[in-house]
Amino acid sequence: YVPTEGWIYDQEPEPDGFRVPELEQGTTIVFKKDQLTLRMVYDKFLPFGQKQTDLYEPLYTGGYHSRPDMRLDVYDGEGYIGSLITDFKYRPVNSIWNPRAGRQNKVMKQLDNYQSSFRSTWFLKGRMPVQILDSMLPVSEVWAAYPKNDDSPVDEGSLQYRIRLMPLTPGQDHKDLIDSLSNVIQKLLERASVSWPSR
């Protein structure tokens, strides 16, 4: 994917060098590849009603948690096909998702809320019967990115909620993250390409 606009990609070169600006709340960076466009939105509140949305701000929520650290909205040549939500957690993985505690902690509730409460009237608009779209959620997965500092096994029970615990540590191999991102985008494309009979 090639970054085309947003943050440092909107800057003109300066005579005395290149300055990296602060990544401000609400910053959007756009990436393109063939017919695909990815819009990465940093630290922005979602509105609480569909009237405040548009094609490039497609999500709203009625949930308590409305400000994910990062949102990746995916578009094909016909429109919006879904999102990946990521929150960055600077803590051990067992402090993020620990089903052995017997109840959800605050972080588990937050991540589950991102997955189950985000809605969109722009999601696959015009491609499927409304009755089908009403039962589908635009957020394919929620990732909790955390620094991995040992080889302890990670409880994969979060996957039943479409929540993925994603190790992200500077200086380490990020092949799993890259592969997982590719898989998320591929699944969105496959879902968008399903043909439904017209009525």
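In the protein chain, residues 24 or more positions apart account for 54% of the contacts with a separation of 6 or more, a contact being heavy atoms within 4.5 Å. The structure is a predicted model, in which local features need pLDDT of at least 70, side-chain atom pairs count only at pLDDT 80 or more, and totals for chains, interfaces and linings use all residues. Residues are numbered from 1 along each chain as its sequence is written, and side-chain values use heavy atoms, with hydrogens and water left out.

Three helices and nine strands make up the secondary structure of the protein chain; helices (H or I, at least four residues) and strands (E, at least two) are DSSP runs, numbered from the N terminus. Their order from the N terminus is β-β-β-β-β-β-α-β-α-β-β-α. Along its principal axes, the C-alpha trace spans about 60 × 55 × 30 Å. Of the 199 residues, 42% are buried, that is, under 20% relative accessible area with a 1.4 Å probe, protein chains only.

Helix 1 comprises twelve residues, 106-117, and its end C-alpha atoms are 16 Å apart, in agreement with the 16 Å expected at 1.5 Å a residue; the expected span is 1.5 Å times one less than the number of residues. Val107, Met108, Gln110, Leu111, Asn113, Tyr114, Gln115 and Ser117 are the buried residues of this helix. These buried residues pack against strand 4 (60-61), strand 6 (79-88), strand 7 (118-119), strand 8 (139-146) and strand 9 (163-167).

Definitions and conventions
Buried < 20%, exposed > 50% of the residue type's maximum accessible area, 1.4 Å probe, protein only.
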